[in-house]
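Visitor: Got a minute to go through this model with me? Let's put it on screen.

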Amino acid sequence: MNFLEKFVHSQSKLFQKGAKLEKLYPLFEALETITFSSKLVSKTKVHVRDALDTKRYMIMVVIALIPCTIFGIYNAGYQSLLAAGLPSNPLTVFLTGAKFVLPIILVSYAVGGFWEAFTAIVRKHEINEGFLVTGLLFPLTCPPDLPLWQVALGITFGVVVGKEVFGGTGRNFLNPALTARAFVFFTYPANISGEVWTAMSVSKDKLIDSYSGATALSVAAQTPIGSSPVDSLHNAGFTLQNLITGFVPGSIGETSVLCVLLGAMLLLVTGIGSWRIMLGCLIGASTTSFLFSYFAGPNSIAFLSLPIVWQLSMGSFIFASVFMATDPVSAPDLNQSKWVYGILIGFIGMVIRVINPAYPEGWMLAILLMNVFAPLIDHYFVQKNIKNRIPNVI
Amino acid sequence: MIKKIKVKNTFKLNCTGKPSTELINCKRSKNIAVLPSSINHIKPKLLLKLGDKVTTGMPLFIDKRDPQIQFCSPGSGTVSKINYGPRRSIDEVIITLDEKETFVDFATYTSEDITSLDRKDIVNYLANAGVWPVLKSFPFKAIPSLDDIPPSIYVSLDNDEAFTPQTEVLLDYYSNELKLGLTILKKLTDKCFVSCSASNKKVQKLFSTHITHHITGDYPANDPGVFLYYNKKDKSENNSWGIKIEDVIRIGMLCKSGKYPTERIISLGGPLVKKPIHVKTREGAEISSIIDGQNCGLNSRIIAGGLLTGRNAGKNSFLGYYEFAVNVIKEGQDLEILSFMKMGLDKPTVSNAYISSLIKNKSFEMHSGLFGGHRACIACNACPSVCPVGIYPQLLMKSVKAGDLEESLQHGLLDCVECGLCTYVCPSKIELSDIFEKEKKRLSKEVLG
């Protein structure tokens, strides 16, 4: 460790004020503080500090995302080989999946990281760790065969327009990963919706006969009036079990309810993910789903009568409410506001998914919409709290 | 009828080096000093020059803005050195002590005498003896003018900051002085509220006739400002006065002896102190004589005051007018590789992000390291969960930085007691307490002049 310390210290001279590589100081600082603990000390009256810092905070979220990532790699390979009718021993599956997924993750980190470093150098501040999370969240919402240039454009839009333009981490009002996905969704809709959820290992004519590119959501939505959506799902090969374990086509990270719940447990135990938002989303979504099935008649669309457990296990509901909705910067600040925020996301997302024919899934739009409303919800509750204080003014 | 107050969102700082209840005498100081620039809200004007002789209790400097407020010399000897800071602020007035101490004589009073005194006489008595500045008027914690009559006075008989003198030790030596002090305070106002910690049975027994409130909660539940916040019924009480036990004792010491109160019992603690203990010393004592023999080491930060509100004094400094504690911690963190990936059994955190939070009441060797770099606010919501007066520090910080005074006041800027807990928990290492303090200072200049 002494050797490493001496080496880093000798290199630090190159980056000080007035030295040759002065402009690249943010890069050096990022590498130095990732390797070594911070040398900064308190310069004010609060002499001691809590050990939690933004690096630990963001790393916890990244660790919570690892089960989804690993499962996503495996599942991408599994779905692809299944569609092609090729043999699927675990190693082949994993390598096939890695072939599709790892480039997406690498491009996301590399291109997004470039923009973060560039902004830090231009603005002369340190590189912020918020990007560690955005850089992994965005790929997990993409289909496994999204063209890499679209990944690059998407993450650029998300980081630059969704975050840096407003001043960087902590100053954005929209979730950057969702902004990135929304950009790709609206600009290149053909590659991110429709029949793209299984990566192709072989050309289309070599697929097995029973292959259909449909996801559980599209099957349920297309169930004819009068039939049971559960039956249609069973016929298409979807069971509650494989929806919960996640061995179904979908975007890379969202399919497995179990992996998301593992991540949710870590976030809840460490206190980093807001349980109020997660529970609010659950309450909003299940209530809406229940109301749909309650009021569904024999002539309403069949999707309405899908039981709650199926409704919550399909699509990206669980992933979005645990990892996307809980982004602290774009969510409201007050605890009471978080309930309203979560419940409204649950309600709006379910409405868009089931009733709106234009969009197969509703969470990206619901969360982005509620991001815009978060300050308003906060404002209402802050005014309410202020009225309860005894005024202390000069 | 004793009222009970339960303070919300308090926090116990679990640091090693808690002072034991033993008392030792401090090594004798050759020099003492007063620190005029460390007194907030005054413009000090020195009444003496270099080389002048002083006696204990002689007026040494006054407040230019209100010349009736004077500070007296805490020792007798010769003014040997005056150290100036930026913009000619008077940082230190160092007095080399005589072998034998001489005193200015003031009147002595018993409890019965005090009850027959006029309020005006008491005010002049305290002011002439340089003891009036122990009173602090809210919201700016400024020294009240002599004509002020407060709506109420809030007295706290317990200290809960890490590490400050424990009442159990003070009661062993200064019970009578404390009683005298409380009697004086009750003459200064109609409503004198006296609080103690709900768990402090000793003070409850000895002062049952004086105590009006029992307070439950860790730091900073026993702060007079927090006591005021929880007890006030309307905004007329916002400019009450507050005072802590060690300062009430000072008033009582003056009444009992008729001399300026120089002696004080302070706490000496912190992870780098070999034997954390209470020390009998004097106002203005050399910090080096207080920590003598404690082997603090070179890489240390010597704090005059508590760990969350004290002054970074250093070993060449002196004990200030309001300082009743010395704490020594390590300067900075030991170098670690990939520290943010560690399990963190030795890392104190109020969140559960390190496994140290699995062990209840674990003590940590705290140090002055920040544990991270300065970042923007990520709205993690840790700070409102430790604010005892119901402020949202992240929202208040944003309105202060935006210059929106009206909104800052609505959020409760003037209720802030500057306990430092919000700054302690912030993962982005934002200096919240400092921001609020500076804004209040700026406001006080407009209001108080």
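Guide: Sure, and one term to begin with: a salt bridge here is a side-chain nitrogen of Lys or Arg within 4 Å of a carboxyl oxygen of Asp or Glu. This is a predicted model, so local features need pLDDT of at least 70 and side-chain atom pairs count only at pLDDT 80 or more, while totals for chains, interfaces and linings use all residues. Residues are numbered from 1 along each chain as its sequence is written, chains are lettered from A and ligands numbered from 1 in the order in which they are written, and side-chain values use heavy atoms, with hydrogens and water left out.

Visitor: OK, how many salt bridges are there across the interface of chain A and chain B?

Guide: The rule finds 5. In one of them Arg49(A) pairs with Glu431(B), with the closest N and O atoms 2.9 Å apart.

Visitor: And how many residue pairs are in polar contact between the chains?

Guide: The count is 35, with both residues at pLDDT 80 or more. A polar contact is a pair of N or O atoms within 3.5 Å; within protein, one must be able to donate a hydrogen and the other to accept it, and residues adjacent in sequence count only if both atoms are side-chain atoms.

Visitor: Which helix gives the most to the side of chain A that touches chain B?

Guide: That's H3(A), with 7 residues. Helices are DSSP runs of H or I, at least four residues, and strands are runs of E, at least two, numbered from the N terminus.

Visitor: What about the area buried between chain A and chain B?

Guide: About 5900 Å², and carbon and sulfur atoms give 57% of it. On the chain A side, His47(A), Arg49(A) and Arg389(A) lose the most area, together 14% of what that side buries. Buried area is the accessible area (1.4 Å probe) that two parts lose on being put together, summed over both.

Visitor: Switching to chain B: where are the cis peptide bonds?

Guide: One joins Ala162(B) and Phe163(B), with omega about -15°. Phe163(B) is in the loop between strand E11 (152-156) and helix H3 (167-188) of chain B. Another runs from Tyr219(B) to Pro220(B), omega near -5°, and Pro220(B) sits in the loop between strand E13 (213-216) and helix H5 (224-231).

Visitor: Which residue has a positive phi although it is not a glycine?

Guide: Arg87(B), at about 55°. Arg87(B) is in the loop between strand E8 (77-84) and strand E9 (90-97) of chain B. Most residues other than glycine have a negative phi, and most peptide bonds are trans.
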